[in-house]
Amino acid sequence: MEIKPIKTYGFPDYPTREFAVLNPELLRYNVPAVWKAKPLVAGTLAAFLLGGVTSKIVAQNTEEQVQVSSGDKVKLQETTRDEAPETSAARVAPVFVHGGGYGSIGCMAISPPVFLSEGEARLIIEDAMKKQKIAFDGNDTIKDTFTYEFEYKGETRKVKVVLDGYNEKFKIGYEFISREDCCKMGGSIPMVIPGNGYNIIGVADSLVEQLKKSSGNRTNVGVFYDPVADTKELSEELLRNQVQDFISWVKEHGILEAE
Amino acid sequence: MRCSYCYSPPVNRIDMTEETAHRAVEFASELYPANTGVIFFGGEPLLKLPLIKSTIAKCKQLERKRGCSFHFKISTNGLLMDEDFLQYANSVGLLVALSLDGIAEAHDKHRRTTAGEGTFDALLPKMDLLLQYQPYSNILMTVTPETVQYYAESVKFLIEKGFKYVIASLNYAGDWTDETITELQRQYRKLARLYERWTLEERKFYFSSFETKFSSHIRGEDALCYRCSFGKYQLSIAPDGDIYPCVQFVADGVSNKGMYTMGNVYTGIDENERQRLYNMHSKADDACMECAVKSRCNNNCSCLNYQTTGMLHTVSPVLCETERLLIPIVDRLGERLYRKRAPMFIQKHYNAVYPIISLIEDRN
């Protein structure tokens, strides 16, 4: 046996990930049957695909379609991120996808991802909202509570969720899903390669779904999540984008005019 | 146990004191308070369960006092793993990786007790117990020239047993011959057929030897960041508190003292030493420079190089030979699966949020 450098090696005839980014239909049209059979899985995949196209989703609650920022209309077979029906007391914004919202740690050879703290996120969210004259301060911050449910080892667990911020004047509240929240709300994955995983965006998604079904909640709610980017700066920028999309949603729904 | 391929045999052993263990986690959390990973390894770490519990308790205390954050893993031979331990592990978020070489014929070849008896039978009920408590548990599997003939059968056994993550490593320091290398090629081909079948059946699994090679093509340069950064993001602490760039260099905790130490948890990291070791690690083997697949090869692993050639940047001919076998087999497999537009292959390798979707599927 000896060291023998390979002089030439043909480029393998299966694509790199850049191809999938430029051709999103690769993921859209090749969905495992076991995923298609589960509406929540298919719906989440569809929502992610749309997020990947433009990173900006403005959901509409008609004809199961969503409008993407380019003006294209993309048919969603089963969307789980549409808005609450008119009959619901709560008006809940969809999760605005900016950043993967998934982090894994623990592998022997991987540098850990960067998570935003609750405090860092609060500064970003409230600073952006303040520019729209929406303040979250004083006693208003702990206004509305809600019980979130998740499955853990076959049993249903409940966590009381206190919105991170609330504005009485416009009845706008928000919740930021941090890594800590993710753990408390059943989003910590015991072992996913390359280590321990945190499905932060999944918890955000599930929270939106449950908030929509909640009764007695008359808040206009935005749910943000830790994008878990490679750097803190990028995470902060992605979170700002989530907040900007929420502000657009608030304006489109005339919530600021309801004074 | 007395595994015959152990890189850290039980000679010159000293035990880590509680004080050193506590100082080690304190030291590590000062370096990276946002997210410190603590991996317990040995020897067999479960022989020191009270020390592990005390160390984790110290970490929890630091989390409360300083707002830092820890996560925990343990690599165990499984013999002392019982229900009480797994309940404890789940309660503190300690993730268990089990060292298991596959079917009995493979496992018992090297993984024996001090009396020379195989340990497979004792582990059988423990496998079910582990899966019950930690269904995503990793299997750490070592393949040697003596067990290579059972490679495919062993992976099949583990996946059919219910394990989803098989992390397989070749013992490059073993006595590989042309015959055993040819057998390895045959086993890789068998594994490729199994991988293809399972993927077309839409089963979910992770087989490290193939996944890393797919990734090195599909993710290209991005995959490079998953490689070892040798002492920059991961440190190994010897029983006396000395800091090494990787577990393999700790060895017995004595022999490599001075040569590969880069500080001590009581005195801190010697940055000059760390940089010196990193520079040695970063230097590429001249023989690899002109190789067309150098960016997809495992030649960058200084621990493997050290283990086989005694030099951080000198690649073992066995590694070169086995990588040259593996890469084309994996690429042909990737081409077949892509041509068939195998949905699970496409989602697993091209969808950045595959782990999330997969988890949602598992929980619904």
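Here are a few notes on how chains A and B meet, and on one pair of helices in chain B.

1. Some ground rules: this is a predicted model, where local features need pLDDT of at least 70, side-chain atom pairs count only at pLDDT 80 or more, and totals for chains, interfaces and linings use all residues. Residues are numbered from 1 along each chain as its sequence is written, chains are lettered from A and ligands numbered from 1 in the order written, and side-chain values use heavy atoms, leaving out hydrogens and water.

2. Start with the interface. Chain A puts 60 residues into the contact and chain B puts in 78 (contact means heavy atoms within 4.5 Å). About 6200 Å² is buried between the two chains, with carbon and sulfur atoms giving 65% of that (buried area is the accessible area, 1.4 Å probe, lost on putting two parts together, summed over both).

3. How many salt bridges are there between chain A and chain B? Just one is counted, where a side-chain nitrogen of Lys or Arg must lie within 4 Å of a carboxyl oxygen of Asp or Glu. B:Glu290 pairs with A:Lys7, and their closest N and O atoms are 2.7 Å apart.

4. On chain A's side, the residues touching chain B split into 39 nonpolar, twelve polar and nine charged (Ala, Val, Leu, Ile, Met, Phe, Trp, Tyr, Cys and Pro count as nonpolar, Asp, Glu, Lys and Arg as charged, the others, Gly among them, as polar).

5. Now look inside chain B. Helices α6 (residues 151-161) and α7 (residues 178-200) of chain B pack at about 30°, axes 8 Å apart. That makes α6(B) roughly parallel to α7(B), because angles under 35 degrees count that way. Helices here are DSSP runs (H or I) of at least four residues, numbered from the N terminus; axes are lines fitted to C-alpha atoms over the stretch in contact, and angles run from 0 to 180 degrees between N-to-C directions.

6. Among the residues meeting there are B:Tyr151 and B:Ile159 from α6(B), and B:Leu184 and B:Trp198 from α7(B). This contact has nine nonpolar, one polar and five charged residues.

Definitions and conventions. Helix = DSSP H or I, 4+ residues; strand = E, 2+ residues; numbered from the N terminus. Parallel < 35°, antiparallel > 145°, perpendicular 65-115°, else oblique.
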